[in-house]
Amino acid sequence: MCGGQLRGPSGVITSPNYPVQYDNNANCTWVITATDISKVKVITPKQLWHFRLSLALSSVVYGCLCDVPAVAQVIKLTFEDFDLERGYDTLTVGDGEVVGDQKTIFHVLSGTTTPDLVVSTSHQMWLNFKTDDTSGSLGFKVSYEEIDQGSCGDPGIPAYGKREGTGFRHGDRLYFECLPAFELVGKKNITCQKNNQWSAKKPSCVCKLSEDLCCLSLTYFMCTSA
Ligand SMILES: [Ca+2]
C-alpha cells in the first residue's frame with residue numbers, strides 16, 4: 001500500500017510491493033498518530049489531585065468511569081530491512097504531521113544506511129517515500145510503536161557484544177563492549193539526547209582475529225553466561 005493515516009499502538013510499514021522491487025515514480029506518505037489523544041496530555045499535579053478526587057467520588061457514586069491518564073506517547077520507528085537505490089530513491093522521516101516541513105526532518109535515508117531507530121518528539125511522525133523514474137531496489141520494512149515521552153527507545157545490543165547502562169531516557173548513557181577476539185566498530189558509548197535521538201547508532205562487533213578464535217570466544221561467552 002502506498003501511504004496512509006496510521007494509528008498506534010504499533011504496526012508495520014513497507015514500501016509498495018515489498019519484498020519485491022518497488023515502482024518507479026512512487027510518492028507515498030504515511031502519518032503515524034499515537035492511539036488515544038485523550039490520554040496524550042501531560043497533567044499538572046493540581047489536575048492530578050482533582051482527577052484523583054473525581055475518580056474517588058465517581059467510583060463511589062457511579063463505579064469507575066474514568067480512564068487512567070497516561071504520560072504522553074511518542075512514536076518509535078525501527079528499521080528491519082532497508083534497500084533503496086542510493087542517492088535517487090529516498091525515505092524521509094520527520095516529526096509531527098506537516099509532511100515535508102524542512103524544520104521537522106530527522107533523516108533523508110537512501111542506499112542501505114539507516115539509523116537503529118528514530119523517535120518522534122510529538123505524538124505524530126511522518127514518512128515520505130520518493131523514487132525516480134529508473135532502477136528500483138527491494139525497498140524497506142519498518143515497524144512503529146508508541147513509547148513514553150522522554151525516551152530514546154531501546155537501541156538493542158550488538159551481536160557478539162555487551163551493553164552496560166539500563167536507561168533509555170534523556171541524558172542516559174549506554175556503554176558497549178565486544179567479546180574477546182571481536183573489534184568494536186562505531187561509538188563505544190551513546191547518549192540519549194533531548195530530541196529523543198541517540199547520539200549515534202549502536203556499534204557493531206566484527207571478528208578481528210581468526211574465525212576459530214572468534215568462535216571459541218563466542219562459545220566461552222555462551223557457556224559462562226548460560
Ligand atoms: Ca530509482
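Ser 120 is buried, with a relative accessible area of 0%, and sits in the loop between strand 7 (117-119) and strand 8. Keep in mind that this is a predicted model. The protein chain has two helices and 14 strands, and 38% of its 226 residues count as buried. Contacts reach well along the chain too: among those with a separation of 6 or more, 70% are between residues 24 or more positions apart.

**Ser 120 and its surroundings**

- Which residues does Ser 120 touch, leaving aside its neighbours within four places in sequence? Its contacts are Val 74, Ile 75, Asp 95, Phe 106, Met 125 and Asn 196.
- Ser 120 and Glu 146 are 26 residues apart along the chain, and their C-alpha atoms are separated by 9.7 Å.

**Ser 151**

- You'll find Ser 151 in the loop between strand 9 and strand 10 (161-164).
- Buried or exposed? Ser 151 has a relative accessible area of 10%, and since the cut-off for buried is under 20%, Ser 151 counts as buried.
- Beyond its neighbours within four places in sequence, Ser 151 is in contact with Val 119, Phe 168, Arg 169, His 170, Cys 192 and Asn 196.
- Asn 196 turns up in the contact list of Ser 151 and also in that of Ser 120.
- Two backbone atoms lie by the polar part of the Ser 151 side chain: the nitrogen of Gly 153 is 2.9 Å from a polar atom there, and the oxygen of Phe 168 is 3.3 Å from one.
- Ser 151 and Trp 198 are 47 residues apart in sequence, with 9.6 Å between their C-alpha atoms.

**Thr 104**

- Thr 104 belongs to the loop between strand 5 and strand 6, and at 17% relative accessibility it counts as buried.
- The Thr 104 side chain makes a polar contact with the side chain of Trp 126, at 3.2 Å.
- Setting aside neighbours within four places in sequence, Thr 104 is in contact with Val 93, Gly 94, Asp 95, Val 98 and Trp 126.
- Asp 95 is thus listed as a contact of Thr 104, and Asp 95 is a contact of Ser 120 as well.

**The calcium ion**

- Which protein atoms hold the calcium ion as donors? They are Glu 85 (OE), Asp 89 (OD) twice, Asp 132 (OD), Thr 134 (O) and Ser 135 (O), lying 2.3 to 2.6 Å from the ion.
- Along the chain, the donors follow the spacing E-x3-D-x42-D-x1-T-S.
- Why is the arrangement irregular? The six donor atoms subtend angles of 51 to 153 degrees around the calcium ion, whereas six donors count as octahedral only if opposite ones are over 155 degrees apart and all others between 65 and 115.
- Two of the donor residues fall in separate burial classes: Asp 132 is buried at 19% relative accessible area, while Thr 134 is partly exposed at 42%.

**The five-stranded sheet**

- One open sheet has five strands in the order 1-3-8-5-6, with mixed pairing.
- Its edge strands are strand 1 (4-7) and strand 6 (105-109), each of which pairs on one side only.
- From one strand to the next, the twist averages 15 degrees.
- Inside this sheet, strand 5 (residues 90-95) and strand 8 (residues 124-130) run antiparallel and are joined by six bridges.
- Thr 90 stands opposite Lys 130 in strand 8.

**Strand 9**

- Strand 9 (residues 139-148) is largely enclosed by the rest of the structure, because seven of its ten residues are buried.
- Strand 4 (residues 73-83) runs antiparallel to strand 9, with ten bridges between them; here, Asp 83 has Gly 139 as its bridge partner.
- Strand 2 (residues 10-14) also runs antiparallel to strand 9, joined by five bridges, and Gly 11 stands opposite Tyr 144.

How values were computed. Residues are numbered from 1 along each chain as its sequence is written. This is a predicted model: local features need pLDDT of at least 70, side-chain atom pairs count only at pLDDT 80 or more; totals for chains, interfaces and linings use all residues. Side-chain values use heavy atoms; hydrogens and water are left out. Donors are N, O and S atoms within 2.8 Å of the metal (3.2 Å for Na, K and Ca); water is not among the atoms, so sites may look incomplete. Four donors count as tetrahedral if all angles lie between 85 and 135 degrees; four count as square planar and six as octahedral if opposite donors are over 155 degrees apart and all others between 65 and 115; anything else is irregular. Buried means under 20% relative accessible area, exposed over 50%, partly exposed in between (1.4 Å probe, protein chains only). Two strands pair if DSSP finds at least two bridges between them. Helices (H or I, at least four residues) and strands (E, at least two) are DSSP runs, numbered from the N terminus. Axes are lines fitted to C-alpha atoms, for helices over the stretch in contact, and angles run from 0 to 180 degrees between N-to-C directions. Contact means heavy atoms within 4.5 Å. A polar contact is a pair of N or O atoms within 3.5 Å; within protein, one must be able to donate a hydrogen and the other to accept it, and residues adjacent in sequence count only if both atoms are side-chain atoms.
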